[in-house]
Amino acid sequence: MQQELQSLPKGLAEDVSRNLVMVARLIDEDPEGAYAYSRIALRLASRVAAVREAAGFAAYANQKFSEALAEFRAARRMTGSVELWPVMADCERGLGRPEKALDMAGAPEVQKLDKAGQVEMRLVAAGARRDMDQLDAAIVTLQSPELASNSVQPWTARLRYAYADALLAAGREDEAREWFAKAVESDKDGSTDASDRLAELDGVEFVDVLVEDEDEDADVAETVAPQPEAEAEETAGTVAEADADLDADFEDEDQLDEDEDEDDADDEAESATDAQPEAGSDAADRDAADSDGGEAPRG
């Protein structure tokens, strides 16, 4: 790849290289992110085989099989290598064409693959057989010197796992258990879930301690704190009591206001009575003045 990138201008080569590094870094944990970086690299240097290959694997990781197959074919045309033949056949499976994958498994290109490539091609062919509901044929396809070998190679765990899974699908549970156990022995980096499958066959149930702790915490919280419904009822009762007290206070205040209004009315009436002269007093004074022939006495 470095040699291919050296043919690009320095600044462009650095940009492409950074994007390819991000594709490799993210492809397992964040396939969508890897795909985005691969598209940037593809826009920058579509004539570089390494870029087309990286774009193919990023599309493959996102199950964009048609796009992945096109990129792999382009990379193969550029390099003339057959290294991508098995993954190209698997893209055919992804596109719903298992017969095409089987044709590729019998093509002369397979003989040019290294041992790892040939095992990968065997896995793809067995998968195609299973796609076509040919379980017995899938089992036979996986029976090979590589499967029977006691030596552990990078492909050993996946090959044993595929064989165990095919046996289980065919209803051969005892044999499946044996091969899942062998897969566990060879799976040093945890590339398969063979240990979980083996435990499932043995009837072992795993308990998530963290979940149990969370459940216990929830139980404690429920004991200490009132449930939302009970708390709501309690709050409603408290509010109702407070409203009743306030209503009683308002009634007392209204009664006091009424009493005060009555007292004020009585006081005003009494004051008005005191301020007015007695009835008929002016008329009596005038009569007295007339009889005396003088003015009415001034107060």
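Select Glu 92 to begin: this residue is buried, with a relative accessible area of 2%, where buried means under 20% relative accessible area, exposed over 50% and partly exposed in between, using a 1.4 Å probe and protein chains only. The model is predicted, so local features need pLDDT of at least 70 and side-chain atom pairs count only at pLDDT 80 or more, while totals for chains, interfaces and linings use all residues. Residues are numbered from 1 along each chain as its sequence is written, and side-chain values use heavy atoms, with hydrogens and water left out.

Now add Arg 97 to the selection, which forms a salt bridge with Glu 92, their closest N and O atoms being 2.7 Å apart; a salt bridge is a side-chain nitrogen of Lys or Arg within 4 Å of a carboxyl oxygen of Asp or Glu. Unlike buried Glu 92, Arg 97 counts as partly exposed, at 37% relative accessibility.

Next, go to Arg 158 and Glu 120, a salt bridge whose closest N and O atoms are 2.8 Å apart. This pair links distant parts of the chain, 38 residues apart, with Arg 158 in helix H11 (residues 156–169) and Glu 120 in helix H8; helices here are DSSP runs (H or I, at least four residues), numbered from the N terminus. Both ends count as partly exposed, Arg 158 at 35% relative accessibility and Glu 120 at 27%.

Then select Asp 165 and Arg 130, which form another salt bridge, the closest N and O atoms being 2.9 Å apart. Because Asp 165 lies in helix H11 and Arg 130 in helix H8, the pair ties together parts that are 35 residues apart in sequence. If you then bring Arg 73 into view together with Glu 92 and Arg 97, you will have the three residues that salt bridges with shared partners join into one network. The structure as a whole holds 15 salt bridges.

For the interior, select Leu 8, Val 16, Val 48, Val 51, Phe 72 and Met 121, which touch the most other members of the largest nonpolar core, a set of 42 residues. Such a core consists of buried Ala, Val, Leu, Ile, Met, Phe, Trp, Tyr and Cys residues joined through side-chain atoms within 4.5 Å. Among the elements that give two or more residues to this core are helix H5 (65–79) and helix H8 (115–131), while the largest share, six residues, comes from H4.

Finish at Glu 29, in the loop between helix H2 (10–26) and helix H3 (31–44), where this residue is exposed, with a relative accessible area of 75%.
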